[in-house]
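Student: Please take a close look at one part of this structure, the aromatic rings, and then work outward from there.

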Amino acid sequence: MRSLRDFSIGLLVFLIAPAIQSQKIDLEQELKIAADKVTYKNTKGSIVYEGNVSLTQGDLSFQVDRLEAQTEDQKISYIEAIGSPARFRFEDQEKKDQAITGQSGSIGYDVRKKILFLKNKVIIQQKSGAIRAHQIVYDLETQEATAESAEDAGEARQVEVILQVNELMDR
Amino acid sequence: MKILKWGIVITMLAVFATAIIFSTQKLSGVVFSKDPSGKGINVSIDGINLREFDREGQLSYRLKTGKATWYPGRSLASFERLQLSIYREEEKEDSQSWEIDAEGAEIATQEGGNALIFQTSNLSLEQLLSTDTEIRLKGNVSLLAKRSGKTYIKFYGQDLTVHPKLKRLSTDQAISIEFKRMKTSAFGMDADLIEEHFVLFGDSRGQVETILYPKQRAKI
């Protein structure tokens, strides 16, 4: 079980890392968020976006139902987004066929540490394959991803990897 | 009978004098006119340029307007081209200075109030703005809120309702806010500037959109 898990993690890194490496996310670009309703609570340092929420920053985009941003020292420090499901996409405009899309119950983004937390029924898809897991943590700086399975009501749910061999062979 | 006779004469003289005064279109820069609804006599002046100081001699208000008109029959005062500055001592906890600029404004006055109390020499902004008075700003509006002499939030929009005492703003029209490093556009807003609690709405015209600028493009 553990060796299969480690293998799955390795495959995940193999699948995702080259694609994302070629699509370095520019986190210095302006961040745009649109929603049906926005509530600022400056005393609590939070901004809540509700209803058809979309977030874009360069090649990165989210589509979620609700997004809450925490601020510290006048900067956004953490973003928590939920959806049914929450969807995301990395797409280099010059390499659209290598876009990475995914969905999960929630997306967390630690802006300072540049780490993405994808939780609850996570699916990541790319032309070369797909990964399903309970949780995936992706470090945008080191470009390392860790996938975790879940045990629910006694039933173990493994990390699942689907490979499109033809696509892998073409690389 | 004699008393009744004199009473009638005096009343007719008073009516006659009032008719002469109010039929004159201009009197020392003040214009009187009948309200089309038939309710009362409206009073207009060409403009206001007023500074008001507190008891310590510190400037607390500055008001500059174009034509100002009072409609006592409708309990309303309207102003063309309003510029209002509200200054507050920095030491006070909720101190905020405001600078307001609008193409026009309306203020609800006391019901049945005497329009003549708004003659420039008698106008008290402290008195007016310390009550539950709302100011309806018309046309293109800008409101800058400042602390320690620095602007910390800017509002730009159309038709903004302002409650100076409670530091509240609201609109159901297009509004744009620059706050910290964010610029937000919406189509409706309720804002509490003391609590710094803002709710913004989208509608059929579009969503609320926030743009967060990178560090090197800080707006405020």
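Tutor: The rings come first, then the core, the chain contact and some backbone details.

This is a predicted model, in which local features need pLDDT of at least 70, side-chain atom pairs count only at pLDDT 80 or more, and totals for chains, interfaces and linings use all residues. Residues are numbered from 1 along each chain as its sequence is written, chains are lettered from A and ligands numbered from 1 in the order in which they are written, and side-chain values use heavy atoms, with hydrogens and water left out.

A pair of aromatic rings is described by the distance of the centres and the angle of the planes. Rings of Phe, Tyr and Trp (its six-membered ring) pair if their centres lie within 6.5 Å; planes under 30 degrees apart count as stacked, over 60 as edge-to-face and the rest as tilted. Over all chains, the structure holds six aromatic pairs. One of them joins F155(B) and F198(B), edge-to-face, with 6.2 Å centre to centre and 85° between the planes. This pair links distant parts of the chain: F155(B) is in strand 9 (residues 150–163) of chain B, F198(B) is in strand 14 (residues 197–201) of chain B, and they are 43 residues apart. Strands here are DSSP runs of E with at least two residues, helices are runs of H or I with at least four, and both are numbered from the N terminus.

F198(B) also pairs with F179(B): the centres are 5.6 Å apart and the planes stand at 75°, so this pair is edge-to-face. F179(B) lies in strand 11 (residues 175–179) of chain B and F198(B) in strand 14 of chain B, so the pair ties together parts that are 19 residues apart in sequence. Buried means under 20% relative accessible area, exposed over 50%, and partly exposed in between (1.4 Å probe, protein chains only). F155(B) and F198(B) are buried. F198(B) has 1% relative accessibility. F179(B) has 5%, so F179(B) is buried. Ring pairs link Y40(A), F155(B), F179(B) and F198(B) into a cluster.

Charges also sit over rings. The test is NZ of Lys or CZ of Arg within 6 Å of the ring centre and within 35 degrees of the ring normal. R74(B) lies over the face of Y71(B), 4.4 Å from the ring centre. The charged end of K167(B) sits over the ring of W98(B), 5.4 Å from its centre. K167(B) is in the loop between strand 9 and strand 10 (168–171) of chain B. Phi of K167(B) is near 55°, a positive value in a residue other than glycine. K167(B) counts as buried because its relative accessibility is 9%.

Next, the core. In soluble globular proteins, nonpolar side chains tend to be buried together. A nonpolar core is a set of buried Ala, Val, Leu, Ile, Met, Phe, Trp, Tyr and Cys residues joined through side-chain atoms within 4.5 Å. The largest nonpolar core has 81 residues, of which L67(A), L137(B) and L169(B) touch the most other members. Strand 5 (residues 75–90) of chain A gives the largest share of this core, six residues. P85(A) is also in strand 5 of chain A, and the peptide bond from S84(A) to P85(A) is cis, with omega near -5°. Contact means heavy atoms within 4.5 Å. Leaving out residues up to four places away in sequence, L137(B) touches residues including L82(B), I100(B), L160(B) and V162(B).

Now the two chains together. 23 residues of chain A are in contact with 23 residues of chain B. Buried area is the accessible area (1.4 Å probe) that two parts lose on being put together, summed over both. Between chain A and chain B it is about 2100 Å², with carbon and sulfur atoms giving 50%. The two chains have zero salt bridges between them (side-chain nitrogen of Lys or Arg within 4 Å of a carboxyl oxygen of Asp or Glu).

Last, chain B. Chain B has two helices and 15 strands. Of its 220 residues, 42% are buried. R81(B) lies in strand 6 (residues 76–86) of chain B. Phi of R81(B) is near 55°, positive in a residue other than glycine. R81(B) is partly exposed, with a relative accessible area of 40%. A68(B), in strand 5 (residues 68–71) of chain B, is buried at 0%.
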